[in-house]
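Thank you all for coming. Please take a moment to look at the structure on the screen before I begin, and keep the sequence open beside it.

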Amino acid sequence: MSSPAPRRLGLFSATTLVVASMLGSGVFTTSGFLLASLQSPWQVLLAWLVGGALASCGALSYGALAQRMPESGGEYVFLSRTLHPAAGAIAGWVSIIVGFAAPLAAAALGFGEYGKDWFPRCSPQWLGTGLLCSFALIHALRMESGAWLHNVTVSIEIMLIVVFVVLAWSRLPADVVRQPTPDGAGPAAFALGLIWVSFSYYGWNAAVYVAGEVRDPQHVLPRALLTGTALVTTLYLALNAAFVFAAPWQTLAGKVEIGRIAAEALGGTAWADALTVVITLTLAASVSAMTIAGARVYARMAADGMLPRMLATHAGAPHRAIALQCALALVLLWSASFKSLLTYIGFTLNLCAAATIVGLIRLKLNEGVRLRVIGWPVAPLLFLGGVSWMTASAVALQPIESLWGMATLALAWVVWWWSRRGNRR
């Protein structure tokens with residue numbers, strides 16, 4: 001039988017885990033696609049604001065579940081307890097591929113793309129491989145050292161972003177800020193843009209994956225989730241305001257490297273290079289956070305018999321689960337491009353989060369005042385309403401990616417059914 005991991009993580013570590021999980025490659029690329037689709041800088045900023053509000057509603061809801069079930073495993077544990085073991089298993093399998101392995105590979109590849117100019121003899125894949133393996137080794141060998149390095153990295157990252165925002169805002173061209181823009185896109189296009197934004201915000205739930213290693217989780221986890229989400233929302237709005245108003249929106253629309261283009265427009269090559277350093281540091285911190293959180297889902301599923309028992313945590317960090325997660329991310333890093341998967345990933349993860357909120361509502365109706373949910377019932381219902389709107393718009397505007405998302409959920413159910421049948425035999 002596996003032993004519970006020591007509770008070593010405090011409020012600061014849990015909060016930085018949330019921040020680093022959210023601050024990934026999306027914030028430095030998504031606004032270019034949003035400008036091309038919405039055709040209005042103000043609508044782009046509104047999308048980031050609405051996305052942050054929905055993430056905050058999700059954080060409040062997950063905080064209540066974390067107080068009720070302060071164990072590592074995230075949606076896998078929540079859905080297994082509140083809806084059905086099948087729902088938890090599906091969420092667990094989705095987390096393994098869509099929630100962690102694919103974003104890990106994407107962040108590592110982005111790190112390699114930004115760093116290739118500094119290491120011209122190394123391909124982006126090799127640079128990303130080095131990053132993935134380094135953090136897997138750090139977090140597998142010693143949890144305290146990994147958490148310390150993670151906290152320092154995130155703190156430096158936030159300070160650098162704040163410095164860039166302050167300097168950038170002082171240089172924003174007034175004629176660009178005041179330039180007239182079209183009325184923007186319709187509700188369906190805006191909702192589809194929210195899916196891209198939600199991919200950038202995803203990670204607001206990161207601390208619940210390591211709940212079993214957090215000190216005083218009933219009090220620390222809700223504060224970490226809400227504080228981290230609020231901080232990132234503020235950073236996202238400030239950073240994207242600097243991006244979309246640095247140059248005419250037509251110049252930035254559709255550009256993946258919108259951060260570098262905006263920085264170069266404001267301060268030349270030196271600014272562009274400086275922001276590239278911040279971006280690579282952000283991606284490294286994101287890989288660190290997902291390495292910590294994702295492996296705990298593997299370990300918990302192994303402890304419950306959904307994965308081989310050898311992946312369960314016996315003492316300290318889940319070494320074998322970290323190794324498996326790293327291996328899956330490496331396979332995806334070397335075999336796929338994730339640019340076309342943005343809608344697919346956001347669509348699938350939003351459905352899992354929505355199912356978790358449904359489980360919270362069911363639990364609250366059963367337990368009543370014994371379960372305290374801050375913002376009840378507004379926060380859970382707003383989150384569900386937002387996800388329903390985004391899902392319907394994605395099905396209408398991008399049906400292929402939506403079908404892939406539904407197929408992923410169906411395949412996860414088949415795997416659960418087959419494993420349950422095998423256990424009965």
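I will go from the overall make-up to the core, then to one helix and a cavity beside it.

Let me say at the outset that this is a predicted model, and that what I report has been computed from it. The protein has 16 helices and 0 strands, and of its 425 residues 58% count as buried. If we take the contacts between residues at least 6 apart in sequence, 81% of them join residues at least 24 apart.

A single pair can illustrate that kind of separation. Leu-283, whose place is in helix 12, is 257 residues from Gly-26 in sequence, and yet the two are 9.9 Å apart in space, taken from C-alpha to C-alpha. Is Leu-283 buried or exposed? Its relative accessibility is 1%, and because buried means under 20%, Leu-283 counts as buried.

Now to the core. The largest nonpolar core has 134 residues, and those that touch the most other members are Trp-48, Leu-132, Phe-164, Trp-204, Tyr-236, Leu-239 and Phe-243. Which helix gives this core its largest share? That is helix 12, residues 258–303, with 22 residues. To take one of the well-connected members, Leu-132 touches, leaving aside residues up to four places away in sequence, Leu-104, Ala-108, Val-287, Cys-326, Ala-329, Leu-330 and Leu-333.

Next comes helix 15, which runs over residues 378–397. With 20 residues at 1.5 Å a residue, helix 15 should span 28 Å, and because its end C-alpha atoms are 28 Å apart, the expected span and the model agree. Its buried residues include Ala-379, Phe-383, Leu-384, Val-387, Met-390 and Ala-394. You may notice the spacing of those numbers, and here a general point helps: an α-helix has 3.6 residues a turn, so residues three or four places apart point the same way.

Finally, the empty space. A search of the whole structure finds 4 cavities of 30 Å³ or more, and the second largest holds about 100 Å³. Which helices each supply at least two residues of its lining? They are helix 3, helix 9 and helix 15. Phe-383, Val-387 and Met-390 are among the lining residues, and these three are also among the buried residues of helix 15. Trp-204, which I named as a core residue, lines this cavity as well. By class, the lining has 9 nonpolar, 3 polar and no charged residues.

Note on methods:
Residues are numbered from 1 along each chain as its sequence is written. This is a predicted model: local features need pLDDT of at least 70, side-chain atom pairs count only at pLDDT 80 or more; totals for chains, interfaces and linings use all residues. Side-chain values use heavy atoms; hydrogens and water are left out. Helices (H or I, at least four residues) and strands (E, at least two) are DSSP runs, numbered from the N terminus. The expected span of a helix is 1.5 Å times one less than its number of residues. Buried means under 20% relative accessible area, exposed over 50%, partly exposed in between (1.4 Å probe, protein chains only). A nonpolar core is a set of buried Ala, Val, Leu, Ile, Met, Phe, Trp, Tyr and Cys residues joined through side-chain atoms within 4.5 Å. Contact means heavy atoms within 4.5 Å. On a 1 Å grid over the protein atoms alone, a cavity is a set of points where a 1.4 Å probe fits but cannot get out, and a pocket is an open set with protein on both sides within 12 Å along at least five of seven lines; lining residues have an atom within 4 Å of a point. Grid points are joined across faces, edges and corners, and a volume is the space filled by probe spheres set on the points. Ala, Val, Leu, Ile, Met, Phe, Trp, Tyr, Cys and Pro count as nonpolar, Asp, Glu, Lys and Arg as charged, and the others, Gly among them, as polar.
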